[in-house]
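Let's take a walk through this structure together. Have your viewer ready and follow along.

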Amino acid sequence: MKFESLRIAGLRCLDGVAITPAPGISVFVGANGAGKTSVLEAAYLLSHGRSFRAGSRDVLLKRGATSLSVFAEVRAGDDRARRLGLGRESGRWQARVDGDAVSLGSLVQECAVVCFEPGSHDLIAGASDERRRFLDWGLFHVEHGFVNQWRRYQRALKQRNALLRTGAPLDGGLMDPWESELALSGEALSGYRKSYLDRLVPHIQGFMGNVLPELGAFSLRYKAGWDEAMDLAATLHERRGRDLGRGHTTAGPHRADFSIAFEHAPLREHLSRGQEKLCALACLLGQASLHAALRGEWPVVCLDDLASELDRTHQEWVVAQLLGRDVQVLVTGTEVPHALTDQPVTVFHVEQGGVTALL
Ligand SMILES: Nc1ncnc2c1ncn2[C@@H]1O[C@H](COP(=O)(O)OP(=O)(O)OP(=O)(O)O)[C@@H](O)[C@H]1O
């Protein structure tokens, strides 16, 4: 998938911005605080429905503005063109595909963007919800049945938690249907995640061996969110009393996680901050590569502040990985990163909320 155009209004400092990114590599340069990362946030917003930076979607709204909009014309690998939009008007967010109002989920399915940015090490060192989001975003784009199970699970979880908070009788008939729905959709969700990881690991491995060869063999372990010695239905039933005390459901795929280990760094705590970043980069490129294998096209790859995040050797390595492929890349930096100075790139200057192509 590639962006043919991107229009941004009322997003942080950006207003009235119209960009025609190159089909290959585009580099956005400018001073600190100029708005370079915000350009990537706009692209990411269409693909994830949120920013990669902390905070709610609403903080993206330009101070003092009443509306925000991001529109893009995208072309898929099969040459199919689509017009995508996400905007906030009168306090409401609305997604659009080809002019029609659609759910956020339908928009996100049309747009695939992966982003390596200063917070990416959270995928390795941060809370488990980062890793679940990573898995689910990948699944959302390659496995149609997943969305339905995910929605069923979220609905049943909400209902079971609501009943737990009201202190509904444990043996009451109210709990049984939701618990059974939770168990069925939860087992299905977990099955999707496991088979996705089975396919993902070889793709990550291919990159990991190059970025962190000194750490030896890499392995990834999935934790389903409950002790799988027992099925989820029996686990939920057995935990009713405990969950009632806590006021929420303490087992299930909403507690799932995965951990990464290396032959010479068996614990996450053994990794330096730089190694965590490289590990996250390998995971993101692995996800992009699996997406390409299954969908026949690469997602757009964003590299925020590339020169500050990676040493020169790894900058050159990531550029070499991407140059040989049919992938659109959006890079930011205070200047064109060293690894790209001799490459065919289109440079945009970002200044005071505006973006201009440099000829
Ligand atoms: N809601 C908002 N409304 C208006 N301006 C905002 C809002 N949120 C952030 N800003 C400003 O918008 C700019 C956006 O910064 P952004 O992070 O995109 O810049 P950058 O060019 O990537 O900077 P750096 O090189 O420092 O990482 C900053 O000047 C910031 O103060």
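**Starting from a buried lysine**

Lys36 is buried, because 27 other C-beta atoms lie within 10 Å and 20 or more are enough for that label. Bear in mind that you are looking at a predicted model. Lys36 belongs to helix α1. Leaving aside residues up to four places away in sequence, Lys36 touches Phe28, Gly30, Thr332 and Val350.

Now step back to Ala34, in the loop between β3 (25-29) and α1. Ala34 has 22 other C-beta atoms within 10 Å, so this residue is buried. Residues up to four places away in sequence again left out, Ala34 touches Val350 and Glu351. Val350 is thus a name to remember, as it is listed among the contacts of Lys36 and of Ala34.

What does the UniProt record say about this stretch? An unreviewed entry lists Gly30, Ala31, Asn32, Gly33, Ala34, Gly35, Lys36 and Thr37 under "binding site".

The model also holds a ligand, and 18 residues surround the ligand. The closest are Cys13, Asn32, Gly33, Thr37 and Ser38. Helix α1 (residues 36-48) supplies the largest share of this shell, three residues. Sorted by class, the shell has five nonpolar, eight polar and five charged residues.

Let's turn to a pair of helices. The axes of α5 (residues 144-166) and α6 (residues 175-211) come within 8 Å and cross at roughly 145°, and the crossing is left-handed. On the α5 side, the contact includes Phe146, Trp150, Tyr153, Ala156, Leu157 and Leu163. On the α6 side, Met175, Trp178, Leu182, Ala188, Leu189 and Tyr192 are among the participants. Overall, the residues of this contact divide into 12 nonpolar, four polar and four charged.

Finally, a look at some backbone angles. Most residues other than glycine have a negative phi. Which way does Asp98 go? Asp98 has a positive phi of about 50°, although it is not a glycine. Asp98 sits in the loop between β6 (92-97) and β7 (100-102). Asp98 counts as exposed because there are 11 C-beta neighbours inside 10 Å.

Gln352 also has a positive phi, near 45°. You will find Gln352 in the loop between β13 (345-351) and β14 (354-358). With 12 other C-beta atoms within 10 Å, Gln352 is exposed, because the exposed class takes in residues with 12 or fewer.

Definitions and conventions
Residues numbered from 1 in each chain as written. Predicted model: local features only at pLDDT ≥ 70, side-chain atom pairs only at ≥ 80, totals over all residues. Helix = DSSP H or I, 4+ residues; strand = E, 2+ residues; numbered from the N terminus. Near = placed C-beta within 6 Å. Nonpolar A, V, L, I, M, F, W, Y, C, P; charged D, E, K, R; others polar. Axes fitted to C-alpha atoms, helices over the stretch in contact; angles between N-to-C directions. Left-handed = near helix turned anticlockwise from the far one by under 90°. Contact = placed C-beta atoms within 7 Å. UniProt positions renumbered as here; feature names shortened; annotations may be inferred.
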